Amino acid sequence: MCGIIGVVSANNVSETLFNGLSNLEYRGYDSVGMCFIKNGKLTVRKGVGKLEEVHRKVNFLKLKGSIGLGHCRWSTHGGVTENNAHPHVDCRKRIGVVHNGIIENYSELKEMLIKKGHRFYSQTDTEVIAHLIEDNLKNGKIEDAVRNALKKMEGSYALGILFAGSPGKLIAARNESPLVVGIGDNENFIASDVPSILSRTNKIIYLEDGEMAVLTKNEAKTFDLDGKEKKKKVHEINWNAEAAQKSGYKHFMLKEIYEQPRAIADTLNGRLENNHVVFEEEFGLTDGFLKSIKRIVILACGTSWHAGLIGEFMLEELAKIPAEVEYASEFRYRHALLGKDTLVIAITQSGETADTMAALKEAKKYGVKTLAVCNVIGSSITRISDGVIYTRAGPEIGVASTKAFTTQLAVLYLFTILLAKLRKTLNEKQIKDMINGIRKIPLQLQSVLDEDNEILKCAELYYNKQNSLYLGRGVNFPIALEGALKLKEVSYIHAEGYPAAEMKHGPIALIDKSMPVMFIAPHDIFTYKKVLGNIEEVKARGGIIIAVATAGDTEIPKKAKHTIFIPKTLYTLSSILSVVPLQLLAYHIADRLGRDIDKPRNLAKSVVVE
Ligand code: F6R
């Protein structure tokens with residue numbers, strides 16, 4: 001998991017690379033490097049640590065050149081050392097390579113190259129690429145050398161390549177790792193994602209697997225691996241660069257929590273017409289197929305998996321379709337039984353998660369129809385799915401997912417309405433109530449955010465606890481899981497999410513006077529009374545109860561030490577509101593503890609390796 005960026009321009013590119021890398025650091029930050037070509041010579045600077053730390057030592061901005069590459073690393077092959085940091089070079093230090101992915105046959109290639117006399121200085125798979133290109137550089141034409149090298153490589157890569165012998169050319173190639181080409185004014189770019197180059201251009205070409213691009217400052221051409229030119233669509237991206245910045249918030253995570261009313265409003269925009277749900281052209285699934293579905297299997301990881309659990313609940317409860325949710329990492333290694341009347345839904349913020357991608361590919365072997373619920377336009381998973389519903393959360397930079405989660409819930413809710421209407425499992429009045437319910441959510445979210453001071457007080461009181469429990473039932477049980485995950489990942493405090501009634505089968509033994517227990521207990525006709533009973537059980541054992549309850553509830557405040565209120569909504573929508581106080585609680589506790597909130601230790605934004 002790494003981030004790459006490259007620029008070829010009429011001007012000096014060090015600042016563009018530096019700014020791009022600071023936006024890409026969410027992809028990896030154990031080491032960082034850049035290379036440039038100037039006066040026919042390749043210069044490399046790199047080091048171990050985050051961008052700012054390495055910059056203090058090597059001063060990236062002092063480097064000059066009108067063509068360059070940058071890389072931020074999250075190590076897979078070879079430890080975190082300066083030698084293993086990218087860019088990597090060939091024996092004669094004329095070819096510079098940055099890489100995101102894994103070259104699976106690198107050991108054999110390395111052995112072959114060593115026999116031919118190549119000298120290696122790192123333990124990485126990437127260095128092999130530089131030497132392999134050098135080995136293929138027969139006629140001095142870098143494009144041919146790269147193409148021939150790629151044909152010998154197995155595995156995943158997004159590559160940026162410079163050659164001192166062709167000082168105005170930047171070569172890029174992609175296979176199973178994200179890579180975009182940006183078309184600028186007298187300058188062109190490659191990058192792992194769009195936000196990292198958005199301050200310079202919003203004109204984007206998405207490279208496909210097996211494609212190569214050759215960029216000069218005036219043009220960007222795309223080829224297949226046989227050297228045949230391919231004309232590609234240039235997409236205009238309407239995210240602005242500012243959306244990818246913090247806009248005055250202390251952390252991206254806080255900014256993104258606060259963006260949720262806007263993100264949900266955008267996700268609904270144009271999709272609710274009278275009493276109908278309408279998706280865009282890329283939705284791709286016909287009414288006939290939607291009516292015929294007998295089963296839905298949802299594949300996802302982490303927070304997206306929690307959204308899947310709520311989706312399962314909605315689909316069964318309202319559209320009456322049997323649904324199940326699988327961890328993508330487990331699904332990919334078992335031979336599930338899928339019939340042609342099954343719809344497989346992949347839920348993924350990034351659209352690049354390796355396990356979700358592999359699970360989806362496994363599912364496709366059964367000939368099933370697939371749908372991606374995704375936030376990143378043109379990402380890998382959207383491109384292999386039959387249909388896509390975009391979540392329109394905008395770029396999510398904080399490693400802990402927040403607005404992507406609530407927009408996933410909104411999309412699953414809309415999809416459920418569409419199915420319920422087509423399959424006539426709900427009547428017109430029920431559909432109308434559901435549509436009215438979600439229309440109110442952006443404003444209601446705003447009122448939950450207004451509770452932030454109360455949540456901050458709880459964080460101040462309990463930030464030094466070592467453990468905590470999150471309990472919920474029904475549609476709010478996944479919110480207990482999500483609340484616990486948020487706390488763990490940003491504050492490093494141990495937390496467990498549990499179905500409230502399961503507590504008495506074990507976890508209740510943990511409860512004493514020092515244990516904070518978060519109850520997610522909105523008022524509903526299904527489990528509310530039972531949850532009140534569970535709250536009593538914790539109270540009797542001295543646990544510190546913090547509850548999320550529906551506005552107007554008078555019972556819960558009598559039992560809980562702190563109550564955070566959310567507005568009244570439909571049962572299936574309550575989870576979109578109830579998760580927000582838990583996101584804020586995790587954020588404030590982590591902030592009080594001085595954690596690196598947007599880049600928690602050991603975590604990366606998209607897990608593009610297994
Ligand atoms: C947690 C978090 C992760 C992701 C997971 C899947 O806050 O962000 O658990 O949800 O890695 O990522 P996507 O949704 O990009 O497939």
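Let me begin at the ligand: a polar side-chain atom of Ser 350 sits 2.6 Å from one of the ligand's oxygen atoms. I should say at once that the model before you is a predicted one.

Two further contacts belong with that one. From Ser 401 it is a polar backbone atom that takes part, 2.9 Å from an oxygen atom of the ligand. Lys 486 contributes a polar side-chain atom, which lies 3.0 Å from a ligand oxygen atom. As for cover, the ligand taken alone exposes 400 Å², and the protein buries 90% of that. How many residues surround the ligand? There are 13, and the closest are Ser 304, Gln 349, Ser 350, Thr 353 and Glu 489.

I turn now to the sheets. In general, the strands of a sheet pair through backbone hydrogen bonds, and the pairing may be parallel or antiparallel. This model offers an example of each kind.

Please look first at the open sheet of eight strands, whose pairing is antiparallel. Reading across, the order is S3-S2-S4-S1-S10-S9-S11-S15. Its edge strands are S3, residues 41-48, and S15, residues 235-236, each of which pairs on one side only. Helix H1, spanning residues 14-24, packs on this sheet and touches strands S1 (3-9), S2 (31-38), S4 (67-73) and S10. The direction of H1 makes about 160° with that of S1. A second helix, H2, residues 51-58, lies across S2 and S3 and runs at about 125° to S3. Within the sheet, strand S9 (residues 180-183) and strand S10 (residues 187-191) form an antiparallel pair with four bridges. To locate that pairing on the screen, take Ile 183, whose bridge partner in S10 is Asn 188.

The other sheet I wish to show is also open, with five strands in the order S24-S23-S25-S26-S27, and its pairing is parallel. Here the edges are S24 (494-499) and S27 (562-566), each pairing on one side only. From one strand to the next, the twist averages 20°. Strand S23, residues 467-472, runs parallel to S24, and six bridges join the two. One residue to find here is Asn 467, whose bridge partner in S24 is His 494. Which helix lies across S23, S25 and S26? That is H18, residues 528-540, running at about 175° to S25; the strands S25 and S26 cover 516-520 and 544-550.

Next, the charged pairs. The count of salt bridges comes to 36. One of them joins Asp 135 to Lys 116, with the closest N and O atoms 2.7 Å apart. This pair links distant parts of the chain, 19 residues apart. Asp 135 belongs to helix H4 (residues 126-135), whereas Lys 116 is in the loop between helix H3 (106-115) and H4.

I close with two points of backbone geometry. Most residues other than glycine have a negative phi, and most peptide bonds are trans. Against that background, the peptide bond from His 86 to Pro 87 is cis, with omega near -5°. Pro 87 is found in the loop between S4 and strand S5, residues 88-89. The second point concerns Asn 274, which is not a glycine and yet has a positive phi of about 45°. Asn 274 lies in the loop that runs between strand S16 (272-273) and strand S17 (276-277).

Note on methods. Residues are numbered from 1 along each chain as its sequence is written. This is a predicted model: local features need pLDDT of at least 70, side-chain atom pairs count only at pLDDT 80 or more; totals for chains, interfaces and linings use all residues. Side-chain values use heavy atoms; hydrogens and water are left out. Two strands pair if DSSP finds at least two bridges between them. Contact means heavy atoms within 4.5 Å. Axes are lines fitted to C-alpha atoms, for helices over the stretch in contact, and angles run from 0 to 180 degrees between N-to-C directions. A residue is near a molecule or strand if one of its heavy atoms lies within 4 Å of it. A polar contact is a pair of N or O atoms within 3.5 Å; within protein, one must be able to donate a hydrogen and the other to accept it, and residues adjacent in sequence count only if both atoms are side-chain atoms. Accessible areas come from the Shrake-Rupley method with a 1.4 Å probe; for residues, only the protein chains shown count as cover. A salt bridge is a side-chain nitrogen of Lys or Arg within 4 Å of a carboxyl oxygen of Asp or Glu.
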